Amino acid sequence: MKKESEKIEYILEVENLHKTYNPDSISPVLALKGINIKFEKGEFVALMGRSGSGKSTFLHQVALLDTPTKGNIIFDGKNISDLDDEEKNKFRLDSIGYIFQDYALLPELNLFENISLPMMAKGVEEEEYKKDVLDVIKKVGLEGLENNLPSELSGGQQQRVSIARAIVNKPKILFADEPTANLDSESSKSVLDTMRSLVKDYGQTVIMVTHEQEDDDIVDRTIWLKDGVIEN
Ligand SMILES: Nc1ncnc2c1ncn2[C@@H]1O[C@H](COP(=O)(O)OP(=O)(O)O)[C@@H](O)[C@H]1O
Ligand SMILES: [Mg+2]
């Protein structure tokens with residue numbers, strides 16, 4: 001019998017995941033065609049594949065931003081596929097961080113307020129979350145810029161705000177969809193370094209969509225998608 005310490009702990013298990021867009025139309029799009037994959041706690045995984053191969057669709061399903069056509073999504077041993085919308089929302093706010101390619105910051109809110117959004121959405125009072133927000137601002141290297149609006153920040157800084165917002169709730173898993181696609185190479189490097197240090201220092205699990213082959217060096221594993229199936 002294996003000792004407890006030798007047992008691999010999976011944070012996310014995906015079983016037979018399908019997503020068909022416009023299923024009742026004359027031309028349904030079979031974007032995911034039966035994905036089976038497991039992610040270990042603390043893994044930094046790159047998800048690669050050509051444009052249209054289903055990378056964003058995969059991320060949307062496992063991050064509970066969309067509803068799969070078929071299949072199971074098991075988080076930390078719990079099958080979340082059968083949760084109703086309200087339960088899914090709560091689970092997402094508590095357990096999942098998501099970083100968008102275009103940062104998705106609110107332009108009228110300053111840096112501190114943008115990062116506070118997940119706490120505000122949960123109805124937490126500012127005095128309770130203020131320290132966590134300041135800690136996370138430090139972690140991503142944006143101290144002193146708390147009052148800046150997104151328009152007063154560089155692209156790389158904006159993406160680091162979006163990373164901070166995604167991790168302020170201490171999510172079990174962090175998803176990032178081409179987080180460096182709109183950045184110059186220096187800003188890309190600093191964003192990737194930030195992600196890498198989250199994995200290293202906090203055991204954060206990160207699944208990152210990328211089309212940059214060189215990102216391969218900093219991740220633990222690379223998965224390839226082709227036409228809605230996993231290739232490797
Ligand atoms: N909302 C949608 N409605 C219909 N088809 C979609 C939608 N989103 C994506 N698709 C299609 O699903 C396939 C996979 O897309 P996507 O997941 O965005 O690929 P990737 O992120 O790898 O570029 C593509 O054929 C795309 O056109
Ligand atoms: Mg995409």
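Two strands are taken as paired if DSSP finds at least two bridges between them. By this criterion β7 and β8 pair in the predicted model, in the parallel sense and over five bridges. Within this pairing, Ala-176 stands opposite Met-208 of β8. On its other pairing, β7 (residues 173-177) joins β6 through four bridges, again in the parallel sense. Two bridge partners were identified between β6 and β7: Gly-97 is matched with Leu-174 of β7, and Ile-99 with Ala-176 of β7. Ala-176 is thus named both as the bridge partner of Ile-99 and as the residue opposite Met-208.

β7 is mostly covered, five of its five residues being buried. In a regular strand, side chains alternate between the two faces of the sheet. In β7 both faces are covered: Ile-173, Phe-175 and Asp-177 are buried on one side, and Leu-174 and Ala-176 are buried on the other. Helix α6 (residues 185-202) lies across β7, as well as across β3 (44-48) and β8 (205-209). The angle between α6 and β8 is about 155 degrees.

These strands belong to an open sheet of six strands with mixed pairing, in the order β6-β7-β8-β3-β9-β10. The edges are formed by β6 (96-99) and β10 (229-230); each has a single partner strand, so one side of each is left without a neighbour in the sheet. β3 stands between β8 and β9 in this order. With β8, β3 pairs in the parallel sense over four bridges, and Leu-47 has Val-209 of β8 as its bridge partner. The pairing of β3 with β9 (residues 221-226) is also parallel and also comprises four bridges; here the bridge partner of Met-48 is Trp-224 of β9. Like β7, β3 is mostly covered, with four of its five residues buried.

A further open sheet consists of four strands in the order β2-β1-β4-β5, with antiparallel pairing. β2 and β5 (78-79) occupy its edges with a single partner strand each, so that one side of each is left without a neighbour in the sheet. β4 and β5 run antiparallel and are joined by two bridges. Asn-79 of β5 is the bridge partner of Ile-74.

The loop between α1 (55-62) and β4 (70-75) contains Pro-68 and also Thr-69. Pro-68 counts as buried because 22 C-beta neighbours lie inside 10 Å, the cut-off for burial being 20 or more. Thr-69 has 16 other C-beta atoms within 10 Å and is therefore partly exposed, since that class lies between 12 or fewer for exposed residues and 20 or more for buried ones. Beyond its neighbours within four places in sequence, Pro-68 is in contact with Leu-17, His-18, Lys-19 and Gln-61. The C-alpha atoms of Pro-68 and Lys-19 are separated by 5.1 Å, although the two residues are 49 residues apart along the chain. With neighbours within four places in sequence again left aside, the contacts of Thr-69 are His-18, Lys-19, Thr-20 and Pro-23. Thr-69 and Ile-8, 61 residues apart in sequence, have a C-alpha to C-alpha separation of 29 Å.

The shell around ligand 1 comprises Tyr-21, Asn-22, Val-29, Ala-31, Gly-49, Ser-51, Gly-52, Ser-53, Gly-54, Lys-55, Ser-56 and Thr-57. By class, three of these residues are nonpolar, eight are polar and one is charged. At least two residues of the shell are supplied by β2 (29-40), and at least two by α1. The largest share, three residues, comes from α1.

Over the whole chain there are six helices and ten strands. The radius of gyration is 18 Å, close to the 17 Å given by the globule rule for 232 residues, so the chain is as compact as a globular protein of that length. The C-alpha atoms fill a box of roughly 50 × 40 × 35 Å along the principal axes. Of the 232 residues in the chain, 34% are buried. Among contacts with a separation of 6 or more, 72% are between residues 24 or more positions apart.

Technical notes:
Residues are numbered from 1 along each chain as its sequence is written. Chains are lettered from A and ligands numbered from 1 in the order in which they are written. This is a predicted model: local features need pLDDT of at least 70, side-chain atom pairs count only at pLDDT 80 or more; totals for chains, interfaces and linings use all residues. Two residues are in contact if their C-beta atoms, placed from the backbone, lie within 7 Å. A residue is near a molecule or strand if its C-beta atom, placed from the backbone, lies within 6 Å of it. Ala, Val, Leu, Ile, Met, Phe, Trp, Tyr, Cys and Pro count as nonpolar, Asp, Glu, Lys and Arg as charged, and the others, Gly among them, as polar. Axes are lines fitted to C-alpha atoms, for helices over the stretch in contact, and angles run from 0 to 180 degrees between N-to-C directions. The radius of gyration is taken over C-alpha atoms; the globule rule is 2.2 Å times the number of residues to the power 0.38.
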